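Work through these exercises with the structure open beside you. Try each task before you read its solution.

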Amino acid sequence: MKKKDFTRRRFIATVSASTLAVASNAIPLIGGSNSNAGKLAILGGIPVRSKDKNWPMWPYVDEKIVESIVKTTRSGIWCRIQSQTGTVPTFEKAYADLFGVKLSVAVGSGTQALRTCVEALGIGPGDEVITTPFTDPGTLSSILTSRALPVLADLDRESHQLDPNDVERKITENTRAIMPVHIWGQPCKMERIMAIAKKYNLKVIEDAAQAHLAEYQGKKIGTIGDIGCFSFQAGKTISCGEGGAIIGNDEDLMDKCFTVQNHGTSRRGRTERIGPKYRMNEFEAAVLLGQLGGVKERFALRNENAAYLTSKLKDFPGIVPQKLYEGTASGSFYYYGMTYHKEHFNNADRSKFLKAIAAEGVSLSTMYQSAILNKEPWTDHILNLKVYQKMYSPARLKKFKEELSLPTCDTVCQEAVVMSGSGRFLATKADMDDIINAIMKIYENRDELNSI
Ligand SMILES: Cc1ncc(COP(=O)(O)O)c(C=O)c1O
């Protein structure tokens with residue numbers, strides 16, 4: 001039997017026996033009476049999802065948000081230092097309560113939140129911080145702008161998360177912290193990362209920029225490490241365009257964070273430390289405060305829809321959902337991560353699959369692949385900078401350069417496909433079925449993919 005036939009037979013058998021059974025016939029059987037089972041839309045067929053079917057709008061806007069902005073505008077309190085009870089301090093209290101932590105400090109972005117923590121922990125030139133290359137440049141920026149050395153560890157292929165084993169291998173006598181990123185909003189293997197941190201006496205700054213409210217082993221993401229950072233940039237599941245927050249229970253560290261982001265000036269009114277001015281403005285906090293109503297319900301709905309999608313993809317070998325570690329009670333589902341296995345799609349390049357599925361009305365993307373951080377010019381830039389040449393030995397910088405080769409990250413970059421979830425996972429089950437139908441239609445037509 002040819003490999004193609006085997007793949008096809010196995011998939012259809014799986015779908016018939018389990019996946020579609022779970023669907024209670026919600027998804028029409030591919031190749032049966034399903035009108036979507038025809039020609040690929042990119043080749044002139046009818047798309048699974050017509051153009052007039054919109055996904056829920058994101059960022060989320062409702063009257064509460066509008067009212068909140070109007071209230072702040074009318075109050076004349078437009079900057080947090082004008083009032084202890086203005087919108088920024090009110091939001092900080094509400095945000096800390098949402099996570100069950102003692103304190104929160106709001107800043108102007110997720111990058112600023114991370115940078116503030118690096119500074120507050122006294123990490124600077126000569127120090128090393130271990131993180132992932134598979135992230136937003138903001139993660140890296142928080143380390144580089146403190147002139148510390150970002151040391152990149154490799155990934156777990158199935159989860160797209162930082163591989164704790166490689167983190168441990170990358171520790172040197174100058175390592176001061178680990179900055180795990182909860183990629184796509186789902187938790188990374190925190191118990192291993194915390195154990196490594198404890199063993200080597202390192203700080204853990206959680207980059208939870210994408211992971212609002214996700215829960216792992218009974219704890220909310222962002223509350224497991226020494227300190228947690230969030231982004232409220234436009235696409236995030238809690239958003240105000242640009243914004244960020246730090247959360248934590250260590251009062252002394254949180255006090256330092258406040259001081260750092262307030263140009264080094266403490267709550268006591270004295271200029272005590274080095275710090276940029278990263279204060280969140282009152283209008284950003286007004287949008288966030290207005291948006292907190294219903295946040296838990298939206299979070300629950302995203303998780304419900306993500307679980308539904310995962311149940312439909314179960315046992316389908318062509319598109320495999322991001323592996324969630326044991327103990328993952330929930331994710332933020334800012335993105336829904338998947339791995340594209342081209343051997344099940346007639347070896348068609350991922351770009352062809354993406355073009356075909358976009359034509360079906362279900363756009364997916366590759367996110368970081370075009371600018372993966374271990375391959376960007378910043379590496380040569382810092383190797384040529386005087387401060388790095390002064391603070392790190394030639395042998396260390398040589399090793400840093402050599403260790404930028406990360407084979408599993410390369411593989412993830414070639415295989416990963418993602419779907420934004422902030423708005424899309426607020427849609428209905430019928431909308432989720434469209435996503436599955438689009439994937440399955442392409443699978444059924446995989447012999448055509450190479451002609452695109
Ligand atoms: C994982 C991660 N870290 C850091 C950031 C930086 O956050 P911001 O864009 O708010 O500065 C982002 C934003 O996309 C992110 O996704």
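A pocket is an open set of grid points, on a 1 Å grid over the protein atoms alone, with protein on both sides within 12 Å along at least five of seven lines. A molecule sits in a pocket if more than half of its atoms lie within 2 Å of its grid points. Keep in mind that the model is predicted.

**Exercise 1. Find which pocket the ligand sits in, and describe the shell around the ligand.**

Step 1. Locate the ligand. The second largest pocket holds it.

Step 2. List the neighbours. The ligand is surrounded by 16 residues, and the closest are G110, T111, D207, S231 and K236.

Step 3. Sort the shell by class. Nine residues are polar, four are nonpolar and three are charged.

Step 4. Look for the main contributor. Helix α4, residues 110-120, gives the largest share of the shell, with three residues.

**Exercise 2. Identify side chains with polar atoms that approach the ligand's nitrogen and oxygen atoms, then state how much of the ligand is covered.**

Step 1. Take a nitrogen atom of the ligand. An N or O atom in the side chain of T139 is 3.2 Å away.

Step 2. Turn to oxygen. The side chain of Q210 places an N or O atom 2.9 Å from an oxygen atom of the ligand. S231 has a polar side-chain atom 2.7 Å from a ligand oxygen.

Step 3. Check the cover. On its own the ligand has 390 Å² of accessible area, and the protein covers 93% of this.

**Exercise 3. Explain how D252 and K256 pair, and place them in the fold.**

Step 1. Start with the principle. Opposite charges on side chains can pair when the charged atoms come close.

Step 2. Apply the cut-off of 4 Å for a salt bridge. The N to O distance between D252 and K256 is 3.0 Å, and their side chains form a salt bridge.

Step 3. Place the pair. Both residues belong to helix α8 (residues 251-261). They are four residues apart, about one turn of the helix.

Step 4. Widen the view. The structure has 24 salt bridges.

Terms used
Residues are numbered from 1 along each chain as its sequence is written. This is a predicted model: local features need pLDDT of at least 70, side-chain atom pairs count only at pLDDT 80 or more; totals for chains, interfaces and linings use all residues. Side-chain values use heavy atoms; hydrogens and water are left out. A residue is near a molecule or strand if one of its heavy atoms lies within 4 Å of it. A polar contact is a pair of N or O atoms within 3.5 Å; within protein, one must be able to donate a hydrogen and the other to accept it, and residues adjacent in sequence count only if both atoms are side-chain atoms. Accessible areas come from the Shrake-Rupley method with a 1.4 Å probe; for residues, only the protein chains shown count as cover. On a 1 Å grid over the protein atoms alone, a cavity is a set of points where a 1.4 Å probe fits but cannot get out, and a pocket is an open set with protein on both sides within 12 Å along at least five of seven lines; lining residues have an atom within 4 Å of a point. Helices (H or I, at least four residues) and strands (E, at least two) are DSSP runs, numbered from the N terminus. Ala, Val, Leu, Ile, Met, Phe, Trp, Tyr, Cys and Pro count as nonpolar, Asp, Glu, Lys and Arg as charged, and the others, Gly among them, as polar.
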